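Let's take a walk through this structure, one chain at a time. Keep the viewer open and click along as we go.

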Amino acid sequence: MLRLEPRAQPSTLWRYASPLLALTITVVLGVILFVALGKDPVRGLQVFFWEPIKSVYALSELMVKATPLLLIALGLAVCFRSNVWNIGAEGQFVMGAVFAAGVALTADAHTGAGFWVLILLAGVVGGMVWAGITAFLRDRFHANEILVSLMLVYVAIMMLNFLVYGPWKDPLGYNFPQTKTFDAITQIPKLITGTRVNVGVLMALAGVGALWVFLFRTHAGFAQQVGGLAPDAARYAGFSSRKALWLALLVSGGAAGLAGALEVAGPLRQLTPFVPAGYGFAAIIVAFVGRLHPVGMVLSAVLMSMFYIGGELAQSRLGLPRSLTGVFQGLLLFTLLACDTLMQYRVRWVSLPRAVHAEEAL
Amino acid sequence: MSQSRLLLSNITKRYPAVVANDAVCLSVQPGEIHAVLGENGAGKSTLMKIIYGAVKPDGGEIRFNGQVVHIRNPQEARRLGISMVFQHFSLFDTLSVAENVWLGLDKALTLAQVTQRITDTASQYGLDIDPLRPVHTLGVGEMQRVEIIRALLTNPQLLILDEPTSVLTPQAVEKLFVVLRQLAAEGRSILYISHKLHEIRALCTACTVMRTGRVTGVCDPRQETNASLSQLMIGSLPPELKVRTHQPGAAVLTVRGLRLPSDDPFGVDLQGIDVQVRAGEVVGIAGVSGNGQRELLYALSGEDTRAAPEHIQLSDQAVGQLNPDQRRALGLHFVPEERLGRGAVPSLSLAHNLLLTRHEALADRGVAGALGWLNLKALKTQAAHIITKYQVKAGGPDAAAHSLSGGNLQKFLVGREIEASPKLLIVSQPTWGVDVGAAAQIRAALLALRDAGCAVLVVSEELDELLELSDRLHVMAEGRLSPALSREEANVSRIGAWMSGLWDKPAQEVRHAAS
């Protein structure tokens with residue numbers, strides 16, 4: 001029979017091999033899923049794994065979706081590494097978008113060219129404020145940050161709906177729940193003309209570098225992580241757990257808010273009830289699949305972005321529901337968690353114990 | 001062949017990094033108090049867990065009353081007539097004694113019946129206990145009585161006791177022995193796990209000695225001396241106590257009237273602690289654990305900053321509310337009792353674990369200094385230096401802290417703090433769970449530090465260790481600290497009486513209470 005034996009040391013090989021094995025299993029399960037739905041599995045895989053990378057435009061769309069995922073995941077990695085369970089990045093993303101839209105709507109013909117910087121800053125502040133509520137409640141009243149941050153997601157969405165159905169509704173918008181399209185001057189500078197890719201990609205990549213330096217080369221980053229790995233050791237060393245809590249939530253809130261601002265002032269150009277696209281939740285998967293490592297999260301953000309685009313294409317090309325995206329995201333996380341067992345355990349084939357024979361011998 | 005109550009042959013249990021039991025054989029007769037003697041880490045606890053069904057052996061055979069048995073879990077063990085009292089109690093603090101006992105018993109009985117049976121058993125064996133008291137109001141000695149009564153209610157033929165005296169005062173130990181002898185006289189067998197030689201010689205009628213997972217000898221402890229037993233146990237004779245001069249310098253740590261209510265509902269309040277440690281001396285704090293040592297150490301290290309500033313003074317500076325890092329900057333270094341998880345981050349490398357208390361590898365100038373830039377190369381060099389100097393057996397500076405044995409990690413942590421050239425070093429349980437060789441090395445390092453003019457404060461449960469290290473000795477009991485005893489005044493019986501908090505009483509009364 002198969003037996004799991006604990007390893008003396010976590011396996012370095014499986015630390016990297018586990019996500020690849022998880023992806024393979026996800027693909028296999030995907031094939032089974034397509035067959036069960038009566039679709040050509042080759043065509044299905046094509047839609048998810050080939051179409052998103054087959055042309056420059058497709059690649060640009062991949063980047064458009066990967067950027068907010070990566071930005072949010074970078075912030076969440078700081079949280080998760082320091083044992084702060086911020087599940088509410090989606091809410092911080094929405095509030096970032098709302099704050100950014102609030103600033104963008106004030107733009108008119110006299111507005112200067114650098115106005116987009118102000119919009120992004122407003123987004124960062126919005127995300128920080130929203131995450132700050134969670135930090136304050138945890139710090140002051142020991143409220144559980146998982147519940148508080150998650151519930152604040154729904155509060156944020158309701159605030160967004162209130163604004164687009166009420167005070168901020170475009171008077172010329174045929175009563176659709178949306179603001180007016182932002183003035184052209186507010187457009188985030190584009191990187192490649194003819195695509196929707198903007199400077200947000202560069203910001204996300206800069207974030208990757210900054211996070212790497214912070215985590216692995218600075219004392220503050222070290223202190224931040226000790227709080228997550230061994231809280232008693234952090235207390236012994238004299239690292240403040242309150243500081244770690246605030247830093248984690250403000251950084252991740254700011255990053256999610258920035259992603260929200262980039263999204264609303266970039267591809268979307270107006271505030272609608274459809275701003276919350278689930279990036280905040282998908283980024284949790286991105287963070288874990290990427291091993292909370294800055295570089296790993298680049299890869300997982302691209303992968304998750306493929307699932308987003310693949311899901312949309314599956315809808316139009318194969319007539320499958322868009323919820324397929326969620327199914328693939330869930331499968332990947334699930335198989336990854338299962339495969340991670342191999343880091344701590346090795347599988348060994350053992351023959352059945354011979355206890356029975358000993359008793360017969362009596 | 002007379003039938004053994006318990007017969008183990010060739011029991012083997014392997015863990016990934018260590019063979020905990022290597023072909024262990026053990027035979028226990030009815031009515032026998034059988035000691036299993038060995039250092040921490042010799043494999044005693046694993047062997048007992050195998051007998052009790054909590055751990056499955058990889059090989060070997062267990063016979064109980066002549067029958068081959070496969071004990072799959074503790075329930076089966078109890079059904080066979082095997083009971084165990086663990087070193088760490090498993091009682092619910094908020095429930096009463098009777099409710100706790102009831103939880104572990106056959107569901108057929110009502111709470112009232114269980115209460116009655118507790119009272120009966122208690123009076124039968126002189127285990128004085130009130131079944132209706134909530135467990136959190138009990139002292140450790142009383143909690144142990146509850147555990148023993150719980151074990152006795154299953155009417156066991158074999159009772160296993162794992163280090164039962166580690167939490168007891170010498171007087172309470174005597175009471176326990178009376179109960180155990182009575183149980184043996186009824187024909188029950190007792191397996192008595194310990195590493196305390198004099199107890200085994202006083203109580204047990206047979207003894208199996210273990211070292212590094214193997215049986216190194218079977219003997220009658222009544223025929224042996226401490227020296228011969230310890231030779232079997234550690235493979236060498238214990239070191240002789242050395243006489244040494246004691247010329248302390250200026251006061252480094254002065255604690256005056258430290259009062260601190262515990263922030264844990266089951267913790268101990270500190271009630272007016274007075275202690276002084278001077279340069280060039282070792283001050284020891286003895287006492288059964290759970291009498292406020294933990295709380296005192298938190299207040300001294302800065303992990304608890306609620307003390308009034310002037311209650312704790314470090315060379316004339318009031319430090320009561322400084323955090324650990326600020327106190328380290330003033331020369332106070334601390335090695336905590338829990339090595340993994342508090343003294344070191346288990347999953348991080350030894351090099352990175354230096355950063356918990358040491359800042360030498362941080363950039364100190366310019367932009368890099370403002371960022372707190374880590375110089376990884378310097379960090380590794382620093383770790384490698386400690387590894388070499390303190391003879392730490394490890395895979396190098398990159399080895400994760402949890403990959404080291406207890407003794408080697410302790411050597412590294414003690415080295416980490418000593419190399420910071422502290423003015424005051426506080427060490428809690430310096431050799432707890434550490435093998436003999438490493439323990440001797442650590443004690444030597446502490447004494448060398450004292451001779452170099454550092455003030456050293458040692459908190460330990462091991463009386464022998466304190467008597468070896470300390471120039472002066474205090475005893476802690478119920479959140480209070482006794483007056484200091486000099487090295488010459490300190491002896492086991494006096495400290496034993498003080499462990500119950502009896503130092504205020506005149507000598508006559510102490511003798512009375514002790515008898």
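What follows is a tour of chain A, then the place where the chains touch, then chain B.

One thing to keep in mind first: this is a predicted model.

Start with the overall picture of chain A. Its secondary structure comes to 15 helices and two strands. If you lay the C-alpha trace along its principal axes, chain A spans about 95 × 60 × 35 Å. Of its 362 residues, 45% count as buried. Now look at who contacts whom along the sequence: taking the contacts in chain A with a separation of 6 or more, 78% are between residues 24 or more positions apart.

Next, pick out helix α11 of chain A, residues 279-289. How many of its eleven residues are buried? Ten are, so to speak of the helix as mostly covered is fair. The buried set includes A:Y279 and A:G280 at one end and A:F288 and A:V289 at the other, with A:A282, A:A283, A:I284, A:I285, A:V286 and A:A287 also in the list. What does the covering? Among the elements packed over these buried residues are α1 (12-36), α3 and α4 (89-104) of chain A, along with α10 (241-268), α12 (294-318) and α13 (324-339) of chain A. Just after α11(A), check the backbone at A:R291, which takes a positive phi of about 65°.

One of those covering helices deserves a stop of its own. Helix α3 of chain A runs over residues 56-81, and A:M63 is found in it. Is A:M63 buried or exposed? A:M63 is buried, because 21 other C-beta atoms lie within 10 Å and the cut-off for being buried is 20 or more. Leaving out residues up to four places away in sequence, A:M63 touches A:V197 and A:V201. For a sense of scale, try A:R348: this residue is 285 residues from A:M63 along the chain, and their C-alpha atoms are separated by 42 Å.

Now for the place where the chains touch. Here 22 residues of chain A are in contact with 29 residues of chain B. On the chain A side, α8 (219-229), α9 (231-237) and α15 (355-360) each supply at least two residues. By class, that side of chain A has 13 nonpolar, four polar and five charged residues.

Cross over to chain B. Its domain assignment gives domain 1 (6-234) and domain 2 (251-342 + 420-514). The C-alpha centres of these two domains of chain B lie 31 Å apart.

For some strand pairing, find β11 of chain B, residues 251-260. Seven bridges join β11(B) to β12 of chain B (residues 270-278), and the two run antiparallel. Within that pairing, B:L258 stands opposite B:I273. Strand β11(B) also has three bridges to β14 of chain B (residues 312-314), again antiparallel, and here B:L253 stands opposite B:L314.

Finish with a helix pair. Two packed helices are described by the angle between their axes and the distance between the axes. For α13 (residues 376-389) and α14 (residues 406-418) of chain B, the axes come within 9 Å and cross at roughly 115°. The crossing is right-handed. On α13(B) the contact is made by B:I386, B:I387 and B:K389, and on α14(B) by B:F412, B:G415 and B:R416. By class, that contact has three nonpolar, one polar and two charged residues.

Note on methods. Residues numbered from 1 in each chain as written. Chains lettered and ligands numbered in written order. Predicted model: local features only at pLDDT ≥ 70, side-chain atom pairs only at ≥ 80, totals over all residues. Pairing = 2+ DSSP bridges. Helix = DSSP H or I, 4+ residues; strand = E, 2+ residues; numbered from the N terminus. Contact = placed C-beta atoms within 7 Å. Nonpolar A, V, L, I, M, F, W, Y, C, P; charged D, E, K, R; others polar. Domains from an automatic or database assignment. Buried ≥ 20, exposed ≤ 12 C-beta atoms within 10 Å, placed from the backbone. Axes fitted to C-alpha atoms, helices over the stretch in contact; angles between N-to-C directions. Left-handed = near helix turned anticlockwise from the far one by under 90°.
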